[in-house]
Amino acid sequence: MRRVRSLSVLATLALAIMFSLVLTGPAQAAGPAYVALGDSYSAGNGAGNYDSSSGDCHRSLSAYPYLWKNAHAPSSFADTSCSGAVTTDVTNNQLGPLNSATGLVSLTIGGNDAGFADVMTTCVTGSDTTCVNRVAQAETYAQNTLPARLDATYNAIRAKAPNAKVVVLGYPHMYTLNVFCVGLSDTKHRKIDEASDVIDSVIAARAAAHGFVFGDVRGTFNNHELCSGDDYLHSLVVSPSWESYHPTATGHSSGYYPVFNANS
């Protein structure tokens, strides 16, 4: 009788464990320790839902780093990206959270080094010739000066986070071409998009040289640029002006996030 009772207790315990596993499911492992770096395209200018504590960095809780954090529950998360950042800002001001335990880093940087804001201002306010000349200056800078600046930044990231996977995201085309669009001329549209291609090619090459992954967002923004009718980007915004020519919340959720998620 005692043997039967013992078997009954064991059977009950086994059933309890099985039901517990069915109800709770397997434990979800935490994602890697994740640090987001970079400029306004990482911070989320234009996406709204801003973190007031980020001040002039204008970090948005709807930007792709937060979307990834919410979906993957990393073991730790830090976002030091900031509006207006150039490569030296990343190196000097943003690397504090990185360490040997960091498993994932995201980054967009280089556009401000090449003078993106001034390019757009010149093209919006100036003639076709003035715009073309200003873009040409930015392209020359991107090809001749930016590579060394990116190398220095990438080296600093790797030194601080030797075990991290680093995903470097590029910049989208700004305009859908060959469509009627009120505003800038077709000549300006084409030249601005050409500049995006030049800077993306430079960033991709330097990222590869450092063993980093390049995330190309031009595909996810295709047919969603300005003038597309389904824009993932803001055009000229009067207030706040710093949202101008940056991705919307949809630009982050449907443009940047899928690329980062696929490469993280």
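I take helix axes at angles under 35 degrees as roughly parallel, and over 145 as roughly antiparallel. I record that the model I am reading is predicted.

**Entry 1: α4 and α7**

I began with helix α4, residues 87–94, and helix α7, residues 146–160. I found their axes 9 Å apart, packed at an angle of about 20°. I therefore entered α4 and α7 as roughly parallel to each other. I noted the hand of their crossing as left-handed. I then listed the residues that meet: on the α4 side they are T87, T88, V90 and T91, and on the α7 side L146, R149, L150, T153 and A156. By class, I have four nonpolar, four polar and one charged for the contact of α4 with α7.

**Entry 2: α6 and α8**

I turned next to α6 and α8, whose axes cross at roughly 5° and come within 10 Å. I therefore wrote down α6 and α8, too, as roughly parallel to each other. From α6, I listed D128, C131, V132, V135, A136, E139, A142 and Q143 in the contact. From α8, I listed T187, K188, K191, E194, A195, V198 and V202. I sorted the residues of this contact of α6 with α8 into eight nonpolar, two polar and five charged.

**Entry 3: α5 and α6**

I then looked up α5 against α6 and found an angle of about 170°, with the axes 8 Å apart. Are α5 and α6 roughly parallel or roughly antiparallel to each other? The angle is about 170°, and angles over 145 count as roughly antiparallel; α5 and α6 are therefore roughly antiparallel to each other. I recorded the crossing in which α5 passes α6 as left-handed. The contact, as I listed it, takes D118, V119, T122 and C123 from α5, and T130, C131, R134, V135 and A138 from α6. I counted five nonpolar, two polar and two charged residues in the contact of α5 with α6. I marked C131 and V135 of α6 in my notes, since they are listed in the contact with α5 and also in the contact with α8.

**Entry 4: the cavity**

I asked how many cavities of 30 Å³ or more there are. The count comes to one. I entered about 220 Å³ as the space in the largest cavity. I found 18 residues lining this cavity, and nearest its centre lie G111, F116, A195, S196 and I199.

Which helices each supply at least two residues of this lining? I wrote down α5 (116–125), α6 (128–144) and α8 (186–209). The largest share comes from α8, with five residues. I sorted the lining of the largest cavity into 14 nonpolar, three polar and one charged. A195 of α8, which is in the contact with α6, is one of the residues nearest the centre of the cavity.

**Entry 5: the pockets**

I looked up the largest pocket and recorded about 390 Å³ of space in it. I found 22 residues in its lining, and closest to its centre are F116, A117, S241, S244 and H246. Two helices, α2 (40–43) and α5, each supply at least two residues of this lining. I noted that α5 gives the most, six residues. By class, I have 10 nonpolar, 11 polar and one charged in the lining of the largest pocket. I put F116 down twice, as it is among the residues closest to the centre of the largest pocket and among those nearest the centre of the largest cavity.

For the second largest pocket I entered about 160 Å³ of space. I found that 13 residues line this pocket, and those closest to its centre are Y175, C181, V182, G183 and S235. I sorted this lining into nine nonpolar, three polar and one charged.

**Entry 6: two backbone details**

I closed with the loops. Between α9 (218–221) and α10 (249–263) I located P240. I found that the peptide bond from S239 to P240 is cis, with omega near -5°. I also located H58 in the loop between α2 and α3 (64–72). I recorded for H58 a positive phi of about 55°, although H58 is not a glycine.

Technical notes: Residues numbered from 1 in each chain as written. Predicted model: local features only at pLDDT ≥ 70, side-chain atom pairs only at ≥ 80, totals over all residues. Heavy atoms only, no water. 1 Å grid on protein atoms, 1.4 Å probe; cavity = no way out; pocket = protein on both sides within 12 Å on 5 of 7 lines; lining within 4 Å. Points joined across faces, edges and corners; volume = space filled by probe spheres on them. Helix = DSSP H or I, 4+ residues; strand = E, 2+ residues; numbered from the N terminus. Nonpolar A, V, L, I, M, F, W, Y, C, P; charged D, E, K, R; others polar. Axes fitted to C-alpha atoms, helices over the stretch in contact; angles between N-to-C directions. Parallel < 35°, antiparallel > 145°, perpendicular 65-115°, else oblique. Left-handed = near helix turned anticlockwise from the far one by under 90°. Contact = heavy atoms within 4.5 Å.
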